[in-house]
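Reader: I would like to go through this structure step by step, with short questions and plain answers. Please begin with any term that is needed.

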Amino acid sequence: MDHLVKRLRIIFFSVLSLMLFGTCVDPIAPDFELREDLVFIEGFASTEPGASFVTISISAIEFGVYVVNFVEDASVNFENMDTGDIVPLQETDEAYVTPDNFRVNPGESWKLNIQMPNGKEYTSEIEKVLEPIPLNNVRAVYDPELEFREIFGGTFVPGHEILVSFTDPPELGNYYYWTYRGYENLNLCEKCRESYFRDGECQPLPRNVGGLQPYYDYPCITDCWRIRFPESIPIFEDQFSNGLTITDFSIGNALLYTTEDIVIEVQQLVISSSAHEYYKVLKDLIDNNSGLNAPPPAGLIGNIFNPADSEEFVFGRFTAAATSVASVFVDRTFIREEALEGREPLITEPTFGSPLPPPATVSAPCSETRFRTAIRPEAWIDQ
């Protein structure tokens with residue numbers, strides 16, 4: 001998932017030199033070394049249409065700062081090992097995505113293939129899709145002091161805790177991973193700074209035209225929803241709860257970035273034990289990043305490799321996952337706490353007397369991306 005790569009970049013770069021030595025790490029104090037040209041790949045093939053994707057990033061040093069950049073123009077596909085079918089992915093919004101109706105099926109075996117723009121190739125080990133386990137219920141519970149965030153002034157911030165309930169099958173060895181999408185009503189579809197909206201994009205302001213605002217806002221022509229993704233890695237194994245019903249298990253927080261109503265669509269993924277071990281390592285790194293001086297576990301290696309170079313280390317993992325989905329609508333009408341995202345004053349382009357080239361417009365389309373949609377969420381309720 002692309003949000004994982006970006007969130008983990010500081011942690012990863014701190015331990016890269018140790019990971020490059022392979023699967024065995026001696027328990028000694030590490031000598032950190034920051035490296036360029038390291039590859040990060042995350043891929044999911046899901047039984048839920050619209051939930052499969054791949055992200056590819058590479059480390060770089062830019063003006064003395066270590067960053068990871070999205071790799072454009074790669075050739076990416078999923079390969080069905082049972083039928084030989086190849087499903088190409090298309091690049092969009094710093095990710096590679098499948099056709100909207102694509103889904104994998106329980107019992108199928110898949111792998112990921114990538115050819116980089118420089119011709120280098122990567123592939124994954126084969127992943128078998130397990131049977132999905134349905135969600136019984138999803139709840140969102142509001143807390144005005146839900147989570148401590150340093151970035152918001154070192155204080156507790158408001159939001160909704162997301163809770164799920166499900167019944168674990170009696171077979172021991174079920175592993176779970178959760179993600180979700182938050183759909184918030186989006187009123188403004190474009191903000192053009194020192195520019196104006198024409199022909200589907202923000203155009204530079206004409207020279208020698210005075211009296212213009214620093215930006216113009218363009219409301220959405222149609223209903224539109226912003227899509228947010230989780231900021232945590234919730235996982236679970238049934239070692240101590242085999243065959244039981246798990247009630248109100250916390251899988252993450254939807255912070256109060258805005259006071260718009262929200263639909264939270266939860267995806268419960270059933271994954272393999274090896275996938276669980278990999279994401280457990282990532283979760284531990286995120287949750288306990290004060291412990292970076294400990295040698296990292298070998299589980300960070302994942303299941304993606306360069307078939308032409310067995311010595312190359314590749315961050316990331318390809319996971320084929322059985323998915324079940326449940327949604328909850330959250331009414332935020334009566335919340336009194338301030339939203340975390342401040343709003344600038346609304347400035348719309350005048351429809352009459354504007355010095356800008358015609359046609360004067362005050363609205364913009366809700367273009368379909370990974371982060372917004374004009375498709376109404378099934379659980380949405382008009383207020």
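Author: Two strands count as paired if DSSP finds at least two bridges between them. The model discussed here is predicted.

Reader: Over how many bridges do β11 and strand β12 pair?

Author: Strands of a sheet pair through backbone hydrogen bonds, either parallel or antiparallel. Here β11 and β12, the latter spanning residues 155-167, run in the antiparallel sense. One bridge joins Y142 to its partner H160 in β12. The number of bridges over which β11 and β12 pair is 11.

Reader: Which strands are the edge strands of the sheet?

Author: The sheet is open and has three strands in the order β11-β12-β20, with antiparallel pairing. An edge strand here pairs on one side only. The edge strands are therefore β11 (135-149) and β20 (245-255).

Reader: By how many degrees are neighbouring strands of this sheet turned against each other on average?

Author: The strands in question belong to the open sheet β11-β12-β20. With direction ignored, the average turn between neighbours in this sheet is 25 degrees.

Reader: How many disulfides does the structure hold, and what pattern do they follow?

Author: The structure holds three disulfides. If the bonded cysteines are counted along the chain, the pattern is 1-4, 2-3, 5-6.

Reader: Is the disulfide of C189 and C220 right-handed or left-handed?

Author: The sulfur atoms of C189 and C220 are 2.1 Å apart. The torsion about their S-S bond is about 105 degrees, so the disulfide is right-handed.

Reader: How many residues apart in sequence are the parts that this pair ties together?

Author: C189 lies in strand β14 (residues 188-193), while C220 lies in the loop between β17 (215-219) and β18 (225-228). The pair therefore ties together parts whose separation in sequence is 31 residues.

Reader: Are C189 and C220 buried or exposed?

Author: A residue counts as buried under 20% relative accessible area. C189 has a relative accessible area of 4%, and C220 has 14% relative accessibility. Both values are under the cut-off, so C189 and C220 are buried.

Reader: Is the link of C192 and C202 left-handed or right-handed?

Author: A disulfide joins C192 to C202, with an S to S distance of 2.0 Å. C192 is in strand β14 and C202 in strand β16 (residues 201-204), 10 residues apart. With -75 degrees about the S-S bond, the link of C192 and C202 is left-handed.

Reader: Which of C192 and C202 counts as partly exposed?

Author: At 0% relative accessibility, C192 counts as buried. The relative accessibility of the other cysteine is 30%. The partly exposed residue is C202.

Reader: How many residues apart in sequence are the parts that C224 and C366 tie together?

Author: The sulfur atoms of C224 and C366 are 1.9 Å apart. The torsion about their S-S bond is about 65 degrees, so this disulfide is right-handed. C224 lies in the loop between β17 and β18, and C366 lies in the loop between β23 (314-330) and β24 (372-373), so the sequence separation of the parts tied together is 142 residues.

Reader: Are C224 and C366 buried or exposed?

Author: C224 has a relative accessible area of 1%. C366 has 9% relative accessibility. Both C224 and C366 count as buried.

Reader: What percentage of the residues in the protein chain is buried?

Author: The protein chain contains two helices and 24 strands. Of its 383 residues, the buried share is 48%.

Note on methods. Residues are numbered from 1 along each chain as its sequence is written. This is a predicted model: local features need pLDDT of at least 70, side-chain atom pairs count only at pLDDT 80 or more; totals for chains, interfaces and linings use all residues. Side-chain values use heavy atoms; hydrogens and water are left out. Helices (H or I, at least four residues) and strands (E, at least two) are DSSP runs, numbered from the N terminus. Axes are lines fitted to C-alpha atoms, for helices over the stretch in contact, and angles run from 0 to 180 degrees between N-to-C directions. A disulfide is a pair of cysteine sulfur atoms within 2.5 Å. Buried means under 20% relative accessible area, exposed over 50%, partly exposed in between (1.4 Å probe, protein chains only).
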